[in-house]
Amino acid sequence: MKRICIVGAGFSGAVIARSLSEEGYKCLVIDERSHSAGNCHTERDEESGVMVHKYGPHIFHTNDERVWKYINRFGEMMPYVNRVKATVKGQVYSMPINLHTINQFFGKSMSPSEAKTFIESKARMDIKEPETFEEQGLRFVGDDIYQGFFAGYTRKQWGVEPSQLPASILKRLPLRFNYDDNYFNHPFQGMPRHGYTAIVENILDHENIEVRLETKYEDLTEKFEHIFYSGPLDRYFNYEFGHLGYRTLDFEPVRGEGDYQGTAVMNYPDSDIPFTRIAEHKHFAPWESESFTKTIAFREYSRACGPNDIPYYPIRLVEETQLLERYQARAQQEKNVTFVGRLGTYQYLDMDITIGRALDVAKNYLDGAHK
């Protein structure tokens, strides 16, 4: 039996490799970076001792009990609730938009029902079927809140006018008429005590798995029974039809003593501030945050992704969607290759969805192989 090749040592690749290896398959997992865990990679900052999310904050949250049990099998998940703040024109507010945000923003003390009526009076009810991000925002919360919290942030994050983005992007953001400031609604939320990289390394720790870092797929000469490819879809086909569009992120470190901003994530929606948010990483591990005398935070800047940049967010505007369809048609013609993960499917996927899909992909492959 030839080996299975898994391209990418992030969650997609690791979970697939583990599932197959436990059924007796020999797997080679490669990654061109010097570490596993992909964009979820975590490492201790030497100067402060803080566990840093190297490629930006990753908070684990899910409503899938199967996925929650799976990740707990390979590492200890600690309680963590993501409470995001936003600085708008010199004032700090809670996110997502909740009753506290609404009352504070408008200088009122409304009850839930009063606030609901008030926001409905602000909402653009003439927009029946919102098609763009801007229309969705105006229909959802009205011009004041939309301009304050969403318009500027979105321009910085995506590099285009909100009127050019689909409404579906904003549908992810909840609006609450109570004082709940938990950013996520999911019943299972947490952070790994020892970081995400330790969990991925544990998933990959099996006698049937060989991990080879700093290795490009293009440089392999071995023949494989099947390939699970979590690299960029367009790169697999040598950019035959052109490059799919991505946004990338730049991180500017900010060091200090004690506590820099008092919270894990502070958004900056104002258009005149060039960065989108600041993340202070000691707050992602509240069980140990008080033990550090030094701190490290990162200002986060979003821009168009160049050829040598790390791709983060697929743009998926009209032009990219048409290009994607051409690549997807080519992908379907490939034999013994399955495209997986964020880059392989050109989708923005949360960690829990990534793990769930990887488990399903592995099961489907095993079911097909045993027929």
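Tutor: Let's begin with a term: a salt bridge is a side-chain nitrogen of Lys or Arg within 4 Å of a carboxyl oxygen of Asp or Glu. Glu240 forms one with Arg330, and their closest N and O atoms are 3.2 Å apart. Please keep in mind that this is a predicted model.

Student: Where do Glu240 and Arg330 sit along the chain?

Tutor: Glu240 is in the loop between helix 7 (233-236) and strand 12, while Arg330 belongs to helix 8 (residues 318-333). The two are 90 residues apart, and the pair links distant parts of the chain. Glu240 is partly exposed, with a relative accessible area of 45%, and Arg330 is also partly exposed, at 23%.

Student: How should I think about such pairs in general, and how many salt bridges does the structure hold?

Tutor: Side chains of opposite charge can pair when their charged atoms come close. This structure holds 30 salt bridges. One of them joins Lys122 to Asp144, with the closest N and O atoms 3.1 Å apart. Lys122 is in helix 4 and Asp144 in helix 5 (residues 133-158), 22 residues apart. Both ends count as partly exposed: Lys122 has 32% relative accessibility and Asp144 has 34%.

Student: Is the salt bridge between Glu300 and Arg277 made of buried or exposed residues?

Tutor: Buried. Glu300 has a relative accessible area of 2%, and Arg277 has 16%, which is buried because the cut-off is under 20%. The closest N and O atoms of this salt bridge are 3.0 Å apart. Glu300 lies in strand 15 (residues 294-304) and Arg277 in strand 14 (residues 277-280), so the pair ties together parts that are 23 residues apart in sequence. Salt bridges can also share partners, and in this way Arg3, Glu210, Arg212 and Glu222 are joined into one network.

Student: What about Arg247: which side chain of opposite charge is nearest to Arg247?

Tutor: That is Asp250, 9.2 Å away; Arg247 is buried yet has no salt bridge. Arg247 is located in strand 12 (residues 246-257). Its side chain does make a polar contact with the side chain of Ser302, at 3.3 Å. Leaving aside neighbours within four places in sequence, Arg247 is in contact with several residues, among them Lys156, Trp158, Arg303, Cys305, Pro311 and Tyr313.

Student: Next, helices. How do I read a pair of them, say helix 3 and helix 4?

Tutor: Two packed helices are described by the angle between their axes and the distance between the axes. For helix 3 (residues 99-106) and helix 4 (residues 112-122), the axes come within 11 Å and cross at roughly 65°. Helix 3 passes helix 4 in a left-handed crossing. The contact is made by Leu99, Ile102 and Phe106 of helix 3, with Pro112, Ala115, Phe118, Ile119 and Lys122 on the helix 4 side. Lys122 is the residue we met in the salt bridge with Asp144.

Student: Is the peptide bond from Met95 to Pro96 cis or trans?

Tutor: Cis, with omega near -5°. Pro96 lies in the loop between strand 8 (91-95) and helix 3.

Student: And phi? Which residues should I look at?

Tutor: Try Ala37 and Tyr346. Phi of Ala37 is near 80°, a positive value in a residue other than glycine. Ala37 is in the loop between strand 2 (27-31) and strand 3 (42-44), and is buried, with a relative accessible area of 2%. Tyr346 has a positive phi as well, near 55°. Its place is the loop between helix 9 (341-345) and helix 10 (351-369), and Tyr346 is buried, with a relative accessible area of 0%.

Student: What does the side chain of Thr197 reach?

Tutor: The backbone nitrogen of Thr42, at 2.9 Å. Thr197 is in helix 6 (residues 196-204) and counts as buried at 7% relative accessibility. Leaving aside neighbours within four places in sequence, Thr197 is in contact with Ser36, Ala37, His41 and Thr42. So Ala37, with its positive phi, is one of the residues that Thr197 contacts.

Student: Finally, how far is Gly368 from Asp272?

Tutor: Their C-alpha atoms are separated by 55 Å, and the two residues are 96 apart along the chain. Gly368 lies in helix 10 and is partly exposed, with a relative accessible area of 43%.

Notes. Residues are numbered from 1 along each chain as its sequence is written. This is a predicted model: local features need pLDDT of at least 70, side-chain atom pairs count only at pLDDT 80 or more; totals for chains, interfaces and linings use all residues. Side-chain values use heavy atoms; hydrogens and water are left out. Helices (H or I, at least four residues) and strands (E, at least two) are DSSP runs, numbered from the N terminus. Buried means under 20% relative accessible area, exposed over 50%, partly exposed in between (1.4 Å probe, protein chains only). Lys and Arg count as positive and Asp and Glu as negative; His and the chain ends are not counted. A polar contact is a pair of N or O atoms within 3.5 Å; within protein, one must be able to donate a hydrogen and the other to accept it, and residues adjacent in sequence count only if both atoms are side-chain atoms. Contact means heavy atoms within 4.5 Å. Axes are lines fitted to C-alpha atoms, for helices over the stretch in contact, and angles run from 0 to 180 degrees between N-to-C directions. A crossing is left-handed if the near helix is turned anticlockwise from the far one by less than a right angle, and right-handed if clockwise.
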